[in-house]
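Let's take a walk through this fold together, from the overall layout down to single residues. Have the sequence and the 3D view open side by side as you read.

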Amino acid sequence: MKEHILFDPVEGVSIAVVPDDNAATEEGKAGWQVYLLNHNAFPLENVIVSSNGYGTKEDGEQVRTSTLRHVFVEVAPHSAVPVEPIDPDLFRLNNQYWVSYYRGSQIFDKKFIFVPDSIVAANLISIALLGRSGVLHS
């Protein structure tokens, strides 16, 4: 059954984590926003983004965040949609975003994993679709 499903490679889809001055945390830290970017000339349909964080604390304790699921009926061509805010305290964990979508009747999916401490100012690049700087994972 699963072996009968074609899994073509995902192209033109990425996840970005962007500083957001409008999303400050309760402690007054700068907020960050996660975006799904569609660089393709076609829309993404029935999109599901599943997110969670996991890793190890300094004391060796295993940590796993709740899994959040976000649904978008369509993501237009050459556009970006906000997925969720992210607390900077989670940047020390692996932050995983599993994106699934349809193009016609074909399903596509890909995991995007930001490794610990990769979401930092030193990794900010200009992201044309957003017109802002952020950490891009493609």
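Before we look at any sheet, one term needs settling: two strands count as a pair if DSSP finds at least two bridges between them. Please also keep in mind that what you see is a predicted model.

Start with the overall picture. The protein has 0 helices and 10 strands, so reading the elements from the N terminus gives β-β-β-β-β-β-β-β-β-β. The chain has 138 residues, of which buried ones make up 40%. Its exposed surface comes to about 8,000 Å², with carbon and sulfur atoms supplying 53% of that area. If you count contacts with a separation of 6 or more, 60% of them link residues 24 or more positions apart.

Now find the open sheet of 5 strands. Its order is β6-β2-β1-β10-β9, and the pairing is antiparallel. At the edges stand β6 (79-86) and β9 (125-127); each has a single partner strand, so one side of each is left without a neighbour in the sheet. From one strand to the next, the twist averages 45°.

Let's go across this sheet by way of β1. This strand is mostly covered, with 7 of its 8 residues buried. Toward β2 it is joined by 8 bridges, and the two strands run antiparallel. To see one of these partnerships, look at Val17, whose bridge partner in β2 is Val34. Strand β1 is also joined to β10, here by 3 bridges and again in antiparallel fashion. On that side, Ala16 stands opposite Leu136 in β10.

Carry on from β10 (residues 132-137) to β9: 3 bridges join these antiparallel strands. Here you can pick out Ser126, which stands opposite Ser133 in β10.

While you are in β10, stop at Val135, which lies in this strand. Is Val135 buried or exposed? Its relative accessibility is 6%, and because buried means under 20%, Val135 counts as buried. Leaving aside neighbours within four places in sequence, Val135 is in contact with Ile15, Ala16, Val17, Phe114, Ser118, Ile119, Val120, Asn123, Leu124 and Ile127. One of these residues, Ser118, is 17 residues away along the chain, and its C-alpha atom is separated from that of Val135 by 8.1 Å.

Next, the nonpolar interior. In soluble globular proteins, nonpolar side chains tend to be buried together. Which residues touch the most other members of the largest nonpolar core? They are Leu36, Val47 and Val99, in a core of 25 residues. The elements that give two or more residues to this core are β1 (13-20), β2 (31-38), β3, β5 (68-75), β6, β7 (94-103) and β8 (106-114). Apart from this core lies another, of 6 residues, among them Ala16, Val18, Tyr35 and Ile127.

Leu36 gives you a good viewpoint on the larger assembly. Not counting neighbours within four places in sequence, the contacts of Leu36 include Val13, Ser14 and Ile15, as well as Val75, Ser79, Ala80, Val81 and Val83. Val47 and Val99 are in contact with Leu36 too.

Polar residues can also be covered, as strand β3 (residues 44-56) shows with Asn52. At 11% relative accessibility, Asn52 counts as buried. Setting aside residues up to four places away in sequence, Asn52 touches Arg64, Thr65, Ser66, Thr67, Asn94, Asn95 and Gln96. Ser50 is found in β3 as well, and its relative accessibility of 17% makes it buried. Among the contacts of Ser50 beyond four places in sequence are Thr67, Leu68, Arg69, Gln96, Tyr97 and Trp98.

Finally, turn to a charged pair. Side chains of opposite charge can pair when their charged atoms come close. How many salt bridges does the structure hold? The count is 1, and the side chains that meet in it are those of Glu61 and Lys57, at 3.7 Å from N to O. Glu61 is partly exposed, at 42% relative accessibility, and Lys57 is likewise partly exposed, with a relative accessible area of 35%.

Conventions
Residues numbered from 1 in each chain as written. Predicted model: local features only at pLDDT ≥ 70, side-chain atom pairs only at ≥ 80, totals over all residues. Heavy atoms only, no water. Salt bridge = Lys/Arg side-chain N within 4 Å of Asp/Glu carboxyl O. Buried < 20%, exposed > 50% of the residue type's maximum accessible area, 1.4 Å probe, protein only. Helix = DSSP H or I, 4+ residues; strand = E, 2+ residues; numbered from the N terminus. Axes fitted to C-alpha atoms, helices over the stretch in contact; angles between N-to-C directions. Contact = heavy atoms within 4.5 Å. Areas by Shrake-Rupley, 256 points an atom, 1.4 Å probe, with all protein chains shown as cover. Core = buried A, V, L, I, M, F, W, Y, C linked by side-chain atoms within 4.5 Å.
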